[in-house]
Amino acid sequence: MDSNNDLEALKTRLLADLDACEAASGAGLDDLKAKYLGKKGEIYGLMRGMGALPADQRPVFGAAVNVLRDLAEERLAALEAGAAEAAILEKLSASTLDATLPGTRAEMGHLHPLTLVRDDTIDFFRGMGFELAEAREVDHDFYNFEALNIPPDHPARDMHDTFYVDENVVMRTHTSNTQAHYLVEHEPGPVRILAPGCVYRVDNDASHAPMFQQVECLVVDENITFAHLKGTMLLWAEHVFGKGTRLRIRPSYFPFTEPSAEVDVSCSLCGGSGCRLCKNSGWIEVGGCGSVDPAVFEKVGWDPEKYTGFAFGFGIDRIALLKYGIPNIGLLTRNEVRFLRQF
Amino acid sequence: MLISLNWLKRYVDLTESAEDISYALTALGFEVESLENRGAGLDGVVVGEVKTCAKHPEADKLSVCTVFDGVETVPVVCGAPNVAAGQKVLFARVGAVLPARNGNEEFKIKKAKLRGQDSFGMICAEDELGLGESHDGILVLGADAVPGTALADVPGLADTLFEISVTPNRPDALGHLGVARELAARFDRPLRAPASHLQAALAESGTKAADLVSLTVEDAAGCPRYTGRVITGVRVGPSPDWLVHLLKSAGKKSINNVVDLTNFALLEWGQPSHAFDLDALAGKTVVVRKARSGEKLKTLDGVERALEPADFVIADAAAPQVLAGVMGGEASGVSAATKNIFLEVAYFDPRAVRAQARRHGLSSDSSYRFERGVDPLATARVSDYLAALIAAVCGGTVAPGRVEFTAPSHPAAPREVSLRPARASRVLGVPLDADRIEGLLAGLEVKALRREPVEVGGVDYPAIRFAIPGFRGDLEREVDLIEEVARRLDYNTLPAVLPLFPLKPVELPPGEAQARAIRATLRDLGLNEALSLRFTSRKALAALNLAEGDPRHRDFVPLLNPLSEEWELLPTTPLPALLQALERNQNTQEQDVRLFEIGRAFHKRPRTDARDSGVREEPVLGIALMGEWKESSWSGQKQSVDFPRLKGVVENLLERLRIEVEWAPGSSAGFLHPVESADLKTASGELAGVLGTLHPKTQAAYGLKLPVVVAEIYPEVLLRAPRRELKFKPFASHSGSTRDVNVVVAESVRHADILDSLPAKVENLVESRLNSVYRGKGVPEGHKALHYTFTYRHAERTLTDDEVNGAHETVRAALLKNPDIQIK
């Protein structure tokens, strides 16, 4: 009987202590745990005292002590969890960090805007099966002019203010010299090439730089038509200037294409109604194009009766100026970081 | 080429708006660069009659006039010196708005008092109305002008002007008639050719031309066709209003009636001509010949030109009078005293004219047209037309006949060209039949002669034979006609179709792929990509402080016609441009500038074949860092750029490219610090680049104040270097044990020397890492302390302390064996 009384008394004390500990937000929790559940704790004390009971009472008493122990463990665990939670909350609320501070960023680098346009152009055409072809920037007159049906003393040379290295060697005035190299250096057959690169003209003012970049596309096969030229250019124009872009193709003159044309796209800013960007015309000139002139095939030894083709070229600088709203071509080569960091 | 709408209307009825005509011109291939409506919007400006004109009582330079404007007579104060009673003038009524000009805003006429005198309107000068540039005084109209007539209704004053660009293949559009022909075809209207109604008026009488002047053509190559006419008894004087107005619209000043008419014919037909004072021609002789050495000619622009034997001239019995096809001479030109005229209309060889225009640096309206090719079949027609016109306008008598010359090679009849409709369809991608094609070309006066098969490559194809009018020298081949068909259809109406191709994988060429990797890596490392003009100068190269024999100033490529001295050469290295860019950034107070550029180096080399450029071109990567490298965006942590920073950038780049290089400290490149620099070599010993701190001399020569480090790397060499394969290597699952060592050495002992002191292989040593280099307290002057961590690890098991200590003892012993090294 004494033992049962002890059990009841212990339970009463335990509950009172637990309540007090809870009220004190877990203070003295560790002591409480040792006091009741420790190896030398009171609950084990009861267990140890069980030997003095008659054998038939032991199972009942043992079960009652176990219930009490479970109760103590459960309540103490709950108190422990609460205390841990409280400690975390306290730690979190102790932070003084100002989350409106700017992030600690690394200084990032930037690619040149012309590289962005150039790589985008290459990827676009590569996706359609065009190979990249390159040619010299300093080239023989033959490849820059003669093979392209521009003989010496031809007025078309007035369209190219040419830098000369010597009498027969020029800074290429257009990427079209790649056409001539490619056709001379390959056996006749289907051609789909893309030639980006720097070109040079004796010109330097607000809208002309002595060096600028062009991309040239050349397609040759047995049944390539002017309609294919228009279809391909339209895809490109939509890629660069957005879906719904319209093309205006007007006759022009390049000795190495016939028919030859200049290409305008509907103004990307006003959509064609007229604005400052397009000088109220609704159109922006972006490049030149045409069907390969049979004279070019003849010059490079391909059969002009069998092969037809088209070529078109545009200025990477021009596209970049339009796309990024850069007001002055001179900014492109001044290499000021306050410019370069914007791209 | 300035095209006047009034002028076009002489040949074709045009009712379209200026904008529609402008659109049509552009769609036809004559891009309209600007459009000007002269006299538009000047509603309150009318013809006025100056009734009275007296000096202003209180101002010397002003006159007080009364002007009748068709309704009332009002007082007007006028400042023009040429105002006089009786004149018909352009009068702006009160309320009229004059156009903005010369940066001034538009200007509304109000009632005013000028020095006490009422002024109810303004008598206008040409420029005040936007009718021209002249401000020589008020514009005085012909006496037949009726007061009150609106400006827009005064013949010839108001006009629409199109500035069109004419491509070199279309000299026919360098005259109004040619442009009118294009518009007539586009709008499907008849064209009124000027010759048809004026040729009938040619009345010849008196002595035959051949008896008045003799013609010899010695240079038939330069001058395959020449005609001369004589007009006697002309009265040289001012031109009639219609002529003045038309020339003014086309941007030409009136000189005298004879010269104006030759200019009129030039701007009408695109055919230059020249009027000589016949009495100024020695021996009444005209000789077309090569110039002789020592001969001189003072041309109409007042320049005395030394002629060369390559030039060809029109001479009289004594001396050259005209640089053929380019410009006339002063001595034999038409003057007020001229009575008798020799009128030249010729076809000069395009190349010959172009060559001599270029030789003399002189491009004229005349040479511009001859070098593009005038109509070889129209010479006599224009001669007759212009002679009749001169006689009609200037008086005088046209002597019967022409003196003329025709080279045997000169064409006498239109060229014929065949066109296969099937070929046109194949080139353009639209079905076209013969009838359609004939109809389209007829509008351009390209006449179908007959249908007859043409043989190409041994096969007969159905074709149409066309006669090409003389003014279309550009139509020589079938494809030229196909282009005309497309132009007549309008390029914008042709279909847009995508070509079909077999599938084909396309890789980037290795050089391009590597360039992309270089750009992306350097960008990721925080560098900005530069792009420089590829020009440099001897001065900029010299400023690099290059050693004797440095390839950067050997075999460089100068331009024959550079834009300026600073752009006289092609670059041999991207560094000068990058250093100049650093300086520009320094000028805008940038403290942290990190640039790279894949530039291009150009060097002369022997030609490999007749069509080789003789120039080697290769990409060169330049890196230039200047100032304080900011570690983060705002914390203020930053570090001056130095060799290790640059080396780290290059090491990161090579890591990304998976290329191993040898670092040889101390580069011989003259623009680098001799100690704080290194050469990069690939496994095969090729020089792959140089890098280091900028030499103080170079730094000073480029005016750079902040610390600068630069690198030059050769992508083509890297492309040849072996690349580490991407392959998994197993790694130990445990971390191993570390032991730290502090060594103290003299400044002259290098990190590499310390590592070289270790045996080639130490059991279980897997890493020797440098943690820090320290100078200062506790380290003797002239010495440095290096802190190393050595890591020992076995691939399969944990090492015992004894094993680790044993291995580390080997390391320590090896370090201590080096007399230069102390261990602390």
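This is a short walk through a predicted model, moving from chain A to chain B.

Okay, let's start with how chain A is laid out. The assignment splits it into domain 1, residues 3-93, and domain 2, residues 113-340. If you take the C-alpha centres of domain 1 of chain A and domain 2 of chain A, they lie 88 Å apart. Keep that number in mind when you rotate the thing on your screen.

Now go to strand 8 of chain A, residues 257-266. How many of its residues are buried? It's 10 of 10, so to speak a mostly covered strand. You can look at the two faces as well. Side chains in a regular strand alternate between the two faces of the sheet. Here Thr257(A), Pro259(A), Ala261(A), Val263(A) and Val265(A) point one way, while Glu258(A), Ser260(A), Glu262(A), Asp264(A) and Ser266(A) point the other way, and all are buried. Yes, that includes Glu258(A), Glu262(A) and Asp264(A).

What about the neighbours? Strand 7 of chain A, residues 247-251, pairs with strand 8 of chain A in the antiparallel sense, over 5 bridges. The link between strand 7 and strand 8 of chain A is a hairpin of 5 residues. Strand 9 of chain A, residues 283-292, is also antiparallel to strand 8 of chain A, with 8 bridges. Val265(A) is a handy landmark: Leu247(A) stands opposite it, and its bridge partner in strand 9 of chain A is Ile284(A).

Next, rings. Over all chains there are 27 aromatic pairs. Take Phe254(A) and Phe256(A): the ring centres are 6.1 Å apart and the planes sit at 35 degrees, so that pair is tilted. Why does Phe254(A) count as buried? Because its relative accessibility is 17%, and the cut-off for buried is under 20%. Phe256(A) is buried too, at 8%. Then compare the geometry of Phe297(A) and Trp302(A): centres 6.4 Å apart, planes at 20 degrees, so we call that one stacked. Phe297(A) and Trp302(A) are both buried.

There's also a cluster in chain A, where ring pairs link Phe124(A), Phe125(A), Phe130(A), Trp236(A), Phe241(A), Phe310(A), Phe312(A) and Phe314(A). Hold on to Trp236(A), since that name comes back.

It comes back in the core. The largest nonpolar core has 148 residues, and Trp236(A) and Ile623(B) touch the most other members. Which strand gives the most to this core? That would be strand 35 of chain B, residues 615-630, with 8 residues. As for Ile623(B), leaving out residues up to four places away in sequence, its contacts include Leu522(B), Leu575(B), Phe596(B), Val649(B) and Val710(B). A second, separate core of 53 residues has among its members Val32(B), Leu183(B), Val236(B) and Leu243(B).

Staying in chain B, let's do strands. Strand 3, residues 45-55, and strand 4, residues 63-68, of chain B are antiparallel over 6 bridges. Strand 4 of chain B also joins strand 5, residues 73-78, through 6 bridges, again antiparallel. Ser63(B) is the residue to click on: Lys55(B) stands opposite it, and so does Cys78(B) in strand 5 of chain B. Strands 4 and 5 of chain B make a hairpin with 4 residues between them, and Gly70(B) in the turn has a positive phi of about 95 degrees.

Further along chain B, there's an open sheet of 5 strands in the order 14-17-20-21-22, with mixed pairing. Strand 14 (214-217) and strand 22 (327-328) each have a single partner strand, so one side of each is left without a neighbour in the sheet. Strand 14 of chain B runs parallel to strand 17, residues 285-290, over 4 bridges. Within that pairing, Thr216(B) has Val287(B) as its bridge partner.

Two charge-over-ring cases for the force-field people. The charged end of Lys111(B) sits over the ring of Phe120(B), 4.9 Å from its centre. Arg181(B) lies over the face of Phe471(B), at 3.5 Å from the ring centre.

Last stop is Tyr792(B), in strand 43 of chain B, residues 783-792. Is Tyr792(B) buried or exposed? Buried, because its relative accessibility is 0%. The C-alpha atoms of Tyr792(B) and Leu765(B) are separated by 4.5 Å, although the two are 27 residues apart along the chain. Its contacts beyond four places in sequence include Arg739(B), Glu763(B), Leu765(B) and His808(B).

Methods:
Residues numbered from 1 in each chain as written. Chains lettered and ligands numbered in written order. Predicted model: local features only at pLDDT ≥ 70, side-chain atom pairs only at ≥ 80, totals over all residues. Heavy atoms only, no water. Pairing = 2+ DSSP bridges. Helix = DSSP H or I, 4+ residues; strand = E, 2+ residues; numbered from the N terminus. Phe/Tyr/Trp six-rings, centres within 6.5 Å; stacked < 30°, edge-to-face > 60°. Buried < 20%, exposed > 50% of the residue type's maximum accessible area, 1.4 Å probe, protein only. Lys NZ or Arg CZ within 6 Å of the ring centre and 35° of its normal. Core = buried A, V, L, I, M, F, W, Y, C linked by side-chain atoms within 4.5 Å. Contact = heavy atoms within 4.5 Å. Domains from an automatic or database assignment.
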